[in-house]
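User: I would like to go through this model and ask what supports each label put on it. Please set the values against the criteria.

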Amino acid sequence: MLLEINGLTKYFGGLAAVRDFDMHIDEGELLGLIGPNGAGKTTIFNLTTGIYGPTKGKIAFDGKDIVGKKSHEIARLGIGRTFQLNPLFGNFTVLQNVSTSFHLHPRSSLLDIYFNTANYRRNEAYISEQSLEILKLVGLDKVKDELAKNLPHGYQKMLGIARALAVKPKLLLLDEPIAGMNPSEIDFTLTAIRKMQQQGITILLVEHNMKILDLCERVVVIDFGQKIAEGSPKDVRENKEVIRAYFGGERVA
Amino acid sequence: MNRRLSTRGRRELTKPAVYAGLVVIVALLPLFFGSPYIQHMLILTFIYIIAAVSFRTIVISGQFPLAHAAFMGIGAYLAAMASKWLGLSPWITIPLSALVTAGIGMLIGYPFSRLRALYYAMGSLFFGIGVIQIIYAGGSWTGGYSGLTGIPALLPGTISKIPYYYFFLGLALVSIIALYRIEFSRIGTNLKAIAQSHVVASSVGINESGYRILAVGVGCFFVGLAGAGYTHYNMVLSCSSFNFMATLWLVMYVLIGGINSFAGPIIGTIILIIIPEFFRDLKMFSPFVTAAILGIVVYLMPQGLVSLPQMVRSRLTERRNTKKVSHAS
């Protein structure tokens, strides 16, 4: 098991955003975490990546307890993520966004950087090469010199994924990767996600768009901070609880 | 396209030559300005350039330090006390007080690294006021309200200002180069990344608070260096040189010169120290003049004075292009 979450609970004041939540992800898997707006999906991401600490519960990555670790330490362990909003460094170019994100692999010491040693220059050359490769994978190599803030929305989302890939993650958390995209961008993104999985990256996807279900092998459904269903996309689609959560009642058609 | 690339390449080559030429001109200035008063003003300019450029190093990490002059005061008073009361040589007290100032800055920076934007500005503002109060309360150790006199000189026995001129020119150059290298390396990129989005920066493994503390430490080291150098040049210290007003002057230097550019604080400091010299009879009005300059600059050149040449250039090409269009039609 690559990621194991047990009894995760997070209170914001009196409100339980996540309550007694269990989930696991196996190595190489593509897992979907879905649920209506405000169900607690993003909170689970933020708890996993150390943006907040949980009120209760355990999160283990690769067998190591990661509760209480800071965001940058969790990135160092091999968890990359994208964000729903503000997904990038707006005043940097597309290429700079990715090369800056290569902070860890390879990592130069402060002294190496400051004195511009051969080691640092070699690292930087490698980083520029790798950054271009990642940009090609997500189809942004043609706009590499544009300022990130000037990109159209769909491109910005892809850049967010490119940035997360620069962390060389074992586990990649994608927060609504296709929200606000047009149909051709969605197709492109889904293909890119499949490609990443083939390269051996374990992926956890958050969506409230049920369309993404078919990409996943297993789906966890969450509503009001609690798990209401788990299983194959087909099982989940038939599940009464899930239908009630999404449509507020029995399926009519 | 090809031609534009080649001019850019040529510009990259001529840049170091232009900088070297500027340094030579500045180094020759004392030949043309024999007046000790002018030399004194130029020395102060060098000192405040170090303060303003180091101020901006903290700014690029997304923090707005309103205690920067107070840190200059910490460096100044540490150097003064170490040489006056402990008998250390100024050549030791200057680097030593810069290091201690950096240490204090990082210690204070640790809790402050969790405060962002306005909160950091307010936190550092009150820290700066506290520093001044401590100096006032220091009794005979710090000289309190009446200030500290009889501080050993850096270059005892020289009446001429010229040796000091070259010492501070050198100090400013070394500081500028050191800070330039930080900004235009991966360290500077990481600082700017944190300023743009600390959440995204942490998600790719950049240690946000570590880098923020580093920026504060570096900024405080150089402003402490400037303060300690000032001490052994001026030989008299007064607390009011480092109060909140003094920090606001640094803010003015940086804003008017251009906060988004490395050269901005340098140009801002030069302009704001030299322009008031032409209006010395109106010195009491200098805050008004400065406010007026800031207003004009913000209105006409939001990127600061540093953007003036580029603005003129784009205006000219614009006019040339419109002429071409009217000819063609």
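**Labels and their grounds**

Analyst: Start with one residue of this predicted model. Cys239(B) counts as buried because 23 C-beta neighbours lie inside 10 Å, and the cut-off for buried is 20 or more.

User: Where is Cys239(B) placed in chain B?

Analyst: Cys239(B) sits in the loop between α10 (208–234) and α11 (244–257) of chain B.

User: Which residues is Cys239(B) in contact with, leaving aside its neighbours within four places in sequence?

Analyst: The contacts of Cys239(B), with those neighbours set aside, are Ile132(B), Ile135(B), Tyr136(B) and Gly147(B). A contact requires C-beta atoms within 7 Å, so each of these four pairs meets that limit. As for Met284(B), this residue is 45 residues from Cys239(B) along the chain, and their C-alpha atoms are separated by 20 Å.

User: What makes the radius of gyration of chain B agree with a compact globule?

Analyst: The rule for 329 residues gives a radius near 20 Å, and chain B has 21 Å, so the two agree. Along the principal axes, the C-alpha trace of chain B spans about 80 × 55 × 40 Å. Of the 329 residues, 42% count as buried.

User: How many helices and strands does chain B have?

Analyst: Chain B has 14 helices and zero strands. Its pattern along the sequence is accordingly written with α alone: α-α-α-α-α-α-α-α-α-α-α-α-α-α. Among the contacts in chain B between residues at least 6 apart in sequence, 78% join residues at least 24 apart.

User: What does the rule for a compact globule give for chain A?

Analyst: For 253 residues the expected radius of gyration is near 18 Å; chain A has 19 Å, and therefore agrees with the rule. The C-alpha atoms of chain A fill a box of roughly 65 × 40 × 35 Å along the principal axes. In chain A, 41% of the 253 residues count as buried. Of its contacts with a separation of 6 or more, 66% are between residues 24 or more positions apart.

User: Which secondary structure does chain A have?

Analyst: Chain A comes to nine helices and ten strands. Six strands form an open sheet with mixed pairing, in the order β6-β7-β8-β3-β9-β10 (chain A).

User: Why are β6 (79–81) and β10 (226–231) of chain A called edge strands?

Analyst: Each of these two strands of chain A pairs on one side only. From one strand to the next, the twist of the sheet averages 20°.

User: How do you know that β7 and β8 of chain A pair?

Analyst: Pairing takes at least two bridges. Strand β7 (residues 171–175) and strand β8 (residues 202–207) of chain A have five bridges, in the parallel sense, so they count as paired. One of the bridge partners is Leu204(A) in β8(A), matched with Leu173(A). In general, strands of a sheet pair through backbone hydrogen bonds, either parallel or antiparallel.

User: How many residues does the contact between the chains take from each?

Analyst: The contact takes 24 residues from chain A and 19 residues from chain B. On the side of chain A that touches chain B, α2 (71–77), α3 (94–101) and α4 (110–114) each supply at least two residues. The largest share, four residues, comes from α2(A).

User: What is the make-up of that side of chain A in nonpolar, polar and charged residues?

Analyst: The side of chain A that touches chain B divides into eleven nonpolar, ten polar and three charged residues.

Methods: Residues numbered from 1 in each chain as written. Chains lettered and ligands numbered in written order. Predicted model: local features only at pLDDT ≥ 70, side-chain atom pairs only at ≥ 80, totals over all residues. Buried ≥ 20, exposed ≤ 12 C-beta atoms within 10 Å, placed from the backbone. Contact = placed C-beta atoms within 7 Å. Axes fitted to C-alpha atoms, helices over the stretch in contact; angles between N-to-C directions. Rg over C-alpha atoms; globule rule 2.2 N^0.38 Å. Nonpolar A, V, L, I, M, F, W, Y, C, P; charged D, E, K, R; others polar.
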